[in-house]
Amino acid sequence: MRADSESIEPGAADVLARGCSSPIKTATGAWVRCGSRIKSKCASCAELYRGDWAAIARSGVFDGPVEQFRFYLLTLTAPSFGRVHRVPRDGAEGPARCGCGATHTPRDAALRGVPLDSESYDYAGQVAWNRDAGVLWDRTRRRLRDRWDSLEYFIVREWQDRGVLHVHALVRVARFEAPAADALRQAARTATAVSRVDGTVVEWGAQAKCDAFRADGDGAKTIWYLSKALNYVLKDVASSADEAPLEVWRHQVALGDAARRMRCGRDCEPQNCSSLVHQRYGSRSQVVSASRRTSDRSGWSFVGLTRTLQRRLRREWWTRVGADAGADAPAIAPEPLEDLAARSRRELVARGWSAP
Ligand SMILES: [Zn+2]
Ligand SMILES: [Zn+2]
Ligand SMILES: [Zn+2]
């Protein structure tokens, strides 16, 4: 919560000076960043969040013995819950004919992702799928690892216009067992899960894509593409509702309604449940995640970079340097993470680490 301008405590002023617009006082009385990942709430914290994740994404592609691995960009979508208008974006390739009979142009944005027939559209099915998407990804990654044990991943969940999640995953597999892109796509797309809430089978949609890329070739481009997706998913889906065109708004209201009525867990009584899942079209998943380091796996980041580590390093940096610099301190700590990457690389080499 933002303090009154006359009565800003020194701790709060310090956090404000670093760029956070809404410092929070913790139970112990210390002031910390609000940590929002939504740009409209706090641009500075949202940028930190995006930058931190982008650094983790990069460290799984560039910070290791890349010649021993193959890399893929895998995209998985949700099934259909009824036909929607297909409206191209500015600069996108030529429009195919839409199910409504028209050939839309970007000027028809007011119809983008809106059902052709809202009466028959399966709103309940869609929010339930969003709810169960996390379990489905969990089954999917297990299945992939059953086949390719060395597989590590970094995933970003993105909202499609119709209000359903889809998944972009950076995937890394050791070269000696690396599959063709199509085999990976097929194995992922056909994975299924059983909903823990209502016992129904949860599946991916028919649309799936998988492209191999090289860390020393188009790797940078792929990471750039993913960072763009990161920007997009960090927009505040719910709060943009009042600027939405009427038809889009109606669709969002219907989805919101369905999400409030659905059960989020086996014991959920929707009318008495305060879980945020009911306000996010059913979604409970974290937007971004990466496979973790364990005793027998490197995890996605070759150098063991995690959000916890990034936060610790930033805190340490501020205590060491930020305090002396006073008002001249930059709003965002420069990356001490590069040092860390170099240090970890040396350790890995010293331990004779190589692909499993
Ligand atoms: Zn903030
Ligand atoms: Zn249409
Ligand atoms: Zn609930």
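**Exercise 1. How are α3 and α4 oriented to each other: oblique or roughly parallel?**

Before we dig in: this is a predicted model, where local features need pLDDT of at least 70, side-chain atom pairs count only at pLDDT 80 or more, and totals for chains, interfaces and linings use all residues. Residues are numbered from 1 along each chain as its sequence is written, chains are lettered from A and ligands numbered from 1 in the order in which they are written, and side-chain values use heavy atoms, with hydrogens and water left out.

Step 1. Find the elements: helices (H or I, at least four residues) and strands (E, at least two) are DSSP runs, numbered from the N terminus. Here we want helix α3 (residues 123–147) and helix α4 (residues 181–189).

Step 2. Get the geometry. The two axes come within 9 Å and cross at roughly 135°; axes are lines fitted to C-alpha atoms, for helices over the stretch in contact, and angles run from 0 to 180 degrees between N-to-C directions.

Step 3. Classify. Angles under 35 degrees count as roughly parallel, over 145 as roughly antiparallel, 65 to 115 as roughly perpendicular and the rest as oblique. So α3 and α4 are oblique to each other.

**Exercise 2. Work out which residues of α3 and α4 meet.**

Step 1. Contact means heavy atoms within 4.5 Å.

Step 2. From α3 we get Thr140, Arg143, Leu144 and Arg147, and they meet Leu184, Gln186, Ala187 and Ala188 in α4.

Step 3. Sort by class: 4 nonpolar, 2 polar and 2 charged residues. (Ala, Val, Leu, Ile, Met, Phe, Trp, Tyr, Cys and Pro count as nonpolar, Asp, Glu, Lys and Arg as charged, and the others, Gly among them, as polar.)

**Exercise 3. Lay out the sheet and find what packs on it.**

Step 1. Five strands make an open, antiparallel sheet, ordered β8-β3-β5-β4-β9; two strands pair if DSSP finds at least two bridges between them.

Step 2. Check the edges: β8 (208–213) and β9 (288–290) each have a single partner strand, so one side of each has no neighbour in the sheet. The twist averages 15° from one strand to the next.

Step 3. Zoom in on β3 and β8, which pair over 6 bridges in the antiparallel sense. Leu76 has Ala208 in β8 as its bridge partner.

Step 4. Add the helices. Helix α2 (residues 43–59) packs on the sheet, touching β4 (152–159), β5 (165–174) and β9, and its direction makes about 30° with that of β9. As for α3, this helix lies across β3, β4 and β5, running at about 160° to β4.
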